[in-house]
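Visitor: I should like to learn how to read a structure of this kind. Could you guide me through some of its features?

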Amino acid sequence: MGLSRRRLLQVGAAAAVGAGDPLPGLAAASGRSGSFDRDLKALASDLRGRIVLPGDPGYAYAAWPNNARWADVHPRAIVMCASESDVRACITLARETGIPFAIRSGGHNYAGFSTTDGLLIDVKAMNGVTIDAKNGLVTAAAGTSNQDMADALRGTGFAVPSGRCPTVGTSGLVLGGGWGFAATKAGLTCDSLVSTAVVTADARTRVAQDGPGGTDDLFWAARGGGGGNFGVHTAFTFRLHEVSDVTTFNIVWPAERQVELMLALQAIQLGNPTTLSTRTKVAPARAGVPTRGDLKVQTYGLYWGSPAALREVMAPAFTLAAPGVAEITGMSYWAARDYLVTDDPLGMYDIRSRYVERGLSGEALETMLTWMTRWPGGSVRQDNMGILFAIGGKVKEKRPTDTAYVHRQADFIFEMETAWGAIDTPEVVARQLAWLAEYFEAMQRFVIPQSYVNFPSRDLPNWKLAYYGENLPRLCAVKRKYDPDNLFRFPQSIPLSDLSSAAE
């Protein structure tokens with residue numbers, strides 16, 4: 001049952017006459033009493049989970065986001081939800097009090113949209129995974145991470161296409177589409193979604209799926225429409241895919257012939273669209289402002305075939321230049337997942353992304369390399385200045401309007417990033433951010449004017465069309481149906497109208 005306004009008043013009145021206090025440290029944490037304190041006490045009395053306040057054990061850990069750029073945003077309270085009823089109670093409180101809130105699963109929103117100075121609704125503790133082997137399905141609760149999913153499915157011979165970062169939440173991954181090394185072979189994470197339970201703005205739980213029941217539009221929006229737009233998702237059911245042995249590779253070339261190598265590697269990926277999945281980049285081998293002679297080409301990923309066959313596939317690149325590192329190993333799918341795992345990016349950073357069709361041209365790659373050497377400096381080695389994630393193959397078999405994920409014509413995601421450390425002054429950070437904006441602008445004539453919603457930036461121009469393209473009007477219609485008062489809003493949330501701003 002949701003937390004009603006009557007219940008809020010009852011608990012507030014009880015507290016006033018000396019009834020048991022479910023949050024005895026609240027006044028000390030907030031420094032004052034008031035309606036928000038009374039509302040929190042009412043909420044706490046109905047929760048299976050826990051409310052964590054500033055000064056409580058675990059608060060700093062619970063509040064910390066992946067991108068430390070947003071670590072100075074401190075929630076007034078963090079609700080660690082343990083059940084769907086906890087989520088419904090939080091939404092009732094937010095709707096009836098107007099307190100600003102954010103939703104968090106893994107906390108990896110690069111632009112800080114899973115942080116707030118109001119109420120943080122954290123579903124991380126809701127992380128159970130249930131396998132239905134008979135029907136080839138798996139259901140993951142809202143807080144399930146990539147690692148939780150891997151731990152549950154390891155040894156079964158089945159998997160769901162997912163990301164490689166172990167702490168990323170399944171919720172954010174699937175709702176934005178879901179890139180991973182299995183995408184070219186088995187599709188995006190959202191392409192395996194069968195249904196999802198979501199608590200909408202009226203604090204009702206709806207099961208969104210195809211077919212009768214009137215939620216097929218919400219199901220369509222959940223596959224690429226981005227997290228936090230229509231409600232709080234509490235569970236996801238996926239279709240399982242059979243997996244077998246694969247080949248992993250990590251190949252690094254000396255800092256020479258970068259343009260030729262990148263052209264060859266793009267052509268190799270395009271020539272093997274469903275059997276190869278690459279993450280290819282140019283990056284410096286050291287910290288500091290890079291020269292052309294510091295920039296090495298690396299490709300990293302999965303091949304569905306033998307190591308010998310992969311060497312044949314990579315022959316055009318090997319002919320151009322002998323690699324300094326060539327780790328090519330056959331192994332099980334789950335061992336390969338462990339090999340490819342990473343928590344990158346970490347620390348403080350900003351990011352831009354664009355989609356690429358067919359590949360970056362020689363002129364585009366020269367432009368990219370030039371801008372890399374113009375990086376203004378800082379304390380952190382720049383590992384992600386220019387990356388191409390393969391996202392063609394199986395992903396392209398659906399039409400742009402089949403799901404909310406609109407970028408079906410693309411073959412690569414192109415990511416540009418800058419990162420800094422605590423030792424870097426505000427002036428250094430400002431120069432880096434200016435460099436990133438100029439670099440991004442310089443690359444526009446070579447890319448599709450679309451961006452991956454799971455690589456968000458608060459400074460992305462024309463973000464609504466960049467994230468959603470031709471699907472924006474339909475997404476706005478879904479928003480009006482399930483969230484007519486725009487309860488779920490943040491600086492880049494889907495608006496009620498495609499002509500309006502998100503925070504209307």
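**Reading a residue and two helices**

Guide: Please bear in mind that this is a predicted model. Threonine 299 touches Phe249, Asn250, Ile251, Trp253, Leu265, Thr278, Arg279, Thr280 and Met314, leaving aside residues up to four places away in sequence.

Visitor: Where is the place of threonine 299, and is this residue buried or exposed?

Guide: Threonine 299 lies in strand β14, residues 295-303. A residue counts as buried when its relative accessible area is under 20%; for threonine 299 the value is 0%, so this residue is buried.

Visitor: With which side chain does the side chain of threonine 299 make a polar contact?

Guide: The partner is the side chain of threonine 280, at 2.8 Å.

Visitor: How many residues of helix α10 are buried?

Guide: Helix α10 covers residues 258-271. Of its 14 residues, 10 are buried, so the helix is largely enclosed by the rest of the structure. Among them are Val259, Leu261, Met262 and Leu265.

Visitor: Which residues of α15 are buried, and why might they share a side?

Guide: The general idea is that an α-helix has 3.6 residues a turn, so residues three or four places apart point the same way. In α15, the buried residues are Val428, Val429, Gln432, Trp435, Leu436, Tyr439 and Phe440. They cover an arc of only 130 degrees around the axis, which puts them on the same side of the helix. Pro426 and Glu441, on the other side of α15, are exposed.

Visitor: What covers the buried residues of α15?

Guide: The cover includes strands β16, β17 and β18, together with helix α14.

How values were computed: Residues are numbered from 1 along each chain as its sequence is written. This is a predicted model: local features need pLDDT of at least 70, side-chain atom pairs count only at pLDDT 80 or more; totals for chains, interfaces and linings use all residues. Side-chain values use heavy atoms; hydrogens and water are left out. Helices (H or I, at least four residues) and strands (E, at least two) are DSSP runs, numbered from the N terminus. Buried means under 20% relative accessible area, exposed over 50%, partly exposed in between (1.4 Å probe, protein chains only). A polar contact is a pair of N or O atoms within 3.5 Å; within protein, one must be able to donate a hydrogen and the other to accept it, and residues adjacent in sequence count only if both atoms are side-chain atoms. Contact means heavy atoms within 4.5 Å. The expected span of a helix is 1.5 Å times one less than its number of residues. The arc is that of the directions from the helix axis to the C-beta atoms.
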